[in-house]
Structures are given as C-alpha cells and as structure tokens.
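Biologist: Thanks for sitting down with me. Could you show me the model, and then let me ask about it piece by piece?

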Amino acid sequence: MEFLEFKNHPNWGISHEENELKAIWREITKSKKFRNSVSEEQIRKIITELNFHKPIQYITEEAVFGPFILNVTPSVLIPRPETEELCFIIHQRINGDFNGNFIDIGTGSGAIAIYLKWKFPTATVNAIDISPSALQVAKRNAVQQQLFISFFQEDYLHSNIIEEIQADIVVSNPPYIAEFEKANMDANVLEYEPQSALFPENKNPLTFYQKIATDALKTKTPPRFIFLELNPLLAEETASLFESKYKVEIIPDLQMKKRFLVAELL
Ligand SMILES: C[S@@+](CC[C@H](N)C(=O)[O-])C[C@H]1O[C@@H](n2cnc3c(N)ncnc32)[C@H](O)[C@@H]1O
C-alpha cells in the first residue's frame, strides 16, 4: 500500500539530485529578488555560487523564520530551525500578555526579537549586537514587519545592559562553537557565515553564558527567566553556571541534541 502511494507521487522515479535542483529552483524563483525575472547571466552566476557552496539564502537574500521571510546578508547568521524551536519554547512558557522587558543578546538578523515582539505585543523587546551591519539588517526586518524593537549596538561582553534595562527575560543564541569543532563543519557555513556569529572572539565557547550568568546573579533585580540556545557539548557546564539562583532545565532539540536551556528564578 505504502509502496503504491510512493509510486503515485509526482517525484517518483526522479533522482535525489533532480529533486534537490527543483527545490533550489523553487526557492530562487519565489524570492523577492528573482521572482519577476531571472536572466541567463544571473542563472550562470547562481550556479557558480552554488558550486562554491554559497548558501541559497545569501543568494536570494532572504530566509524563512517561523511565519516571517527575513532579509539576510553575509553580515548575519542565517536563522536556523533550532532557533525557531527556542522561540516556540518561550511562547509555551510565557503568557502572551507579558508586558515586561525582553533582551535578545546577539540579535543578528533580528529573528528572535522579531518573533518575540510578534508573540508578545505588550512587551518591550530590546536587542543588542556588536555588528553595525547586522543591526542594519535587523532594523530593516523589524520595520518590514512593522514591529517596534529597541536596538543597541554594543559589545555585550563589556556591557551592563541586563542591569541597565532591568531585563525580566533574557534570550540568547550567542556565538558558541569551539575552535576544534571547525573540522566537522560544512564549507557553506565556514566559508560564508560571519565568523563573529559562530565563534566567540576569545575562543572560549562558554564566554557568553558566563557573562549572562554573572550579570543575572549580580544584578539587584535578576531576570525571571533566561532562555538560551546551547552548544550541546557544553550543556551541563552551561547549566551549572545558573544553578545557584535558578531552576535549570535542559531541553533537547528535534534531533535529540541538548540544545536549549530554560532557567527560572528560584
Ligand atoms: C549565533 S549568532 C545569532 C544570531 C540570531 N540571534 C539568530 O539566532 O539567528 C550570534 C550573534 O552575536 C553577535 N555577537 C558576537 N559577538 C558579540 C558581542 N561581543 N556582543 C554582542 N553581540 C555579539 C554576532 O554579531 C551575531 O549576530
């Protein structure tokens, strides 16, 4: 029965490569950049770029995140499905009428901040990034979605923003990849995505988590919740940074990797 169903599928008998090509072509021709026309010269350029592992999102200059189609440039990380999962977890845990202060640390394309303002319209959403060019993209995305977000261009590792804005909820998908992990990374990520979004400047993959923990533990009004995307190799070490003051949970992603941390003030 199942076999027969597969045989009736329009893609039956088409090779994996052909299917992939169809999917790529669909992405290209429905994008804002190419949907009205795509010249032969552009097609040649696209093929060359794909051969050199350029991510399709940087070619079309857009990426899907939840219900949004966001602008992306090589200055920002392409938002990942895991980060959509993080947003979904926040949405499950926090009431929709929350009217406090969120901070999104390392906002990149603004994906998380935009999702938060959409789901929590009465909340104040703040977003910080060190990169002026990433912030330009994030601001453009927020304007396009007609969502008001306060953006800050600052080095979080030397900032006091959690205390200054008295953040109630901290959210972050920070740079967390260790140098030794480079060997197993795909060329499309390593060669095209911003290094500063992937690897912490001081080569310590815990550095952002340590700073968030220090800030949360020392401030007079500690954040009620902290939601983090994790390096699965360092999930327990990250959790231990918060345990003196927070009830900490590690949540797996859909691939069963220890990907998210939820900390609730005790
Ligand atoms: C892993 S990316 C996350 C981007 C986006 N939040 C997402 O989930 O798709 C990390 C972001 O942190 C920013 N970043 C790196 N170092 C930073 C620092 N010291 N202070 C603030 N932001 C920083 C990078 O520019 C990058 O946009």
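Modeller: Gladly! Please keep in mind that this is a predicted model.

Biologist: Let's begin with the whole chain. How many helices and strands does the protein have, and what is its radius of gyration?

Modeller: The protein holds 12 helices and nine strands. For 266 residues the globule rule gives 18 Å, and the protein comes close to that, so it is as compact as a globular protein of that length. Its C-alpha trace spans about 60 × 45 × 40 Å along the principal axes. The radius of gyration itself is 20 Å.

Biologist: Among contacts between residues at least 6 apart in sequence, what percentage join residues at least 24 apart?

Modeller: Let me start with burial: 32% of the 266 residues count as buried. As for the contacts you ask about, the share joining residues at least 24 apart is 64%.

Biologist: Now the open sheet, please. Which strands are its edges?

Modeller: The sheet has seven strands with mixed pairing, in the order S5-S4-S3-S6-S7-S9-S8. An edge strand here pairs on one side only, and that picks out strand S5 (150-153) and strand S8 (246-252). From one strand to the next, the twist averages 15°.

Biologist: Nice. Do tell me about S6 and S7: which residue in S7 stands opposite Val170?

Modeller: Strand S6 covers residues 169-172 and strand S7 residues 225-229. The two run parallel and are joined by four bridges. Opposite Val170, in S7, stands Ile226.

Biologist: Which helix lies across S6 and S7?

Modeller: The helix spans residues 207-218, and besides S6 and S7 it lies across strand S3 (101-105). Its direction is at about 175° to S6. That is helix H11.

Biologist: And over at S8, what residue in S9 stands opposite Tyr246?

Modeller: S8 pairs with strand S9 (residues 258-265) in the antiparallel sense, over seven bridges. The residue opposite Tyr246 is Leu265.

Biologist: Which residue in the hairpin of S8 and S9 takes a positive phi?

Modeller: The hairpin has five residues between its strands, and the residue you want is found in that loop. Its phi is about 65° although it is not a glycine. With 8 other C-beta atoms within 10 Å, it is exposed. The residue is Met256.

Biologist: There is another hairpin, of S1 and S2. What is the bridge partner of Ala63 in S2?

Modeller: S1 and strand S2 (residues 68-71) run antiparallel, with four bridges between them. Two residues separate the strands, and Gly66 takes a positive phi near 55° in this hairpin. The partner of Ala63 is Leu70.

Biologist: Glu61 caught my eye. Is Glu61 buried, partly exposed or exposed?

Modeller: Glu61 lies in the loop between helix H4 (56-60) and strand S1 (62-65). Its phi is near 65°, a positive value in a residue other than glycine. Since it has 16 C-beta neighbours inside 10 Å, Glu61 counts as partly exposed.

Biologist: Let's look at Ile90. With which residues is Ile90 in contact, leaving aside its neighbours within four places in sequence?

Modeller: Ile90 lies in helix H5 (residues 81-93). Its 22 C-beta neighbours inside 10 Å make it count as buried. The contacts you ask for are Val171 and Phe227.

Biologist: Why does Ile162 count as buried, and how many C-beta neighbours has it inside 10 Å?

Modeller: Ile162 lies in helix H8 (residues 161-164). Leaving aside neighbours within four places in sequence, its contacts include Ile103, Val170 and Asp215. A residue is buried if 20 or more other C-beta atoms lie within 10 Å of its own. Ile162 counts as buried because its number of such neighbours is 26.

Biologist: Last one, on the ligand. Which residues are the closest to it?

Modeller: The shell around the ligand has 12 nonpolar, eight polar and two charged residues. Helix H6 (111-119), strand S4 (124-129) and helix H10 (195-198) each supply at least two residues of that shell. In total 22 residues surround the ligand, and the closest are Gly106, Gly108, Tyr156, Asn173 and Ala197.

Methods:
Residues numbered from 1 in each chain as written. Predicted model: local features only at pLDDT ≥ 70, side-chain atom pairs only at ≥ 80, totals over all residues. Pairing = 2+ DSSP bridges. Axes fitted to C-alpha atoms, helices over the stretch in contact; angles between N-to-C directions. Contact = placed C-beta atoms within 7 Å. Near = placed C-beta within 6 Å. Nonpolar A, V, L, I, M, F, W, Y, C, P; charged D, E, K, R; others polar. Rg over C-alpha atoms; globule rule 2.2 N^0.38 Å. Buried ≥ 20, exposed ≤ 12 C-beta atoms within 10 Å, placed from the backbone.
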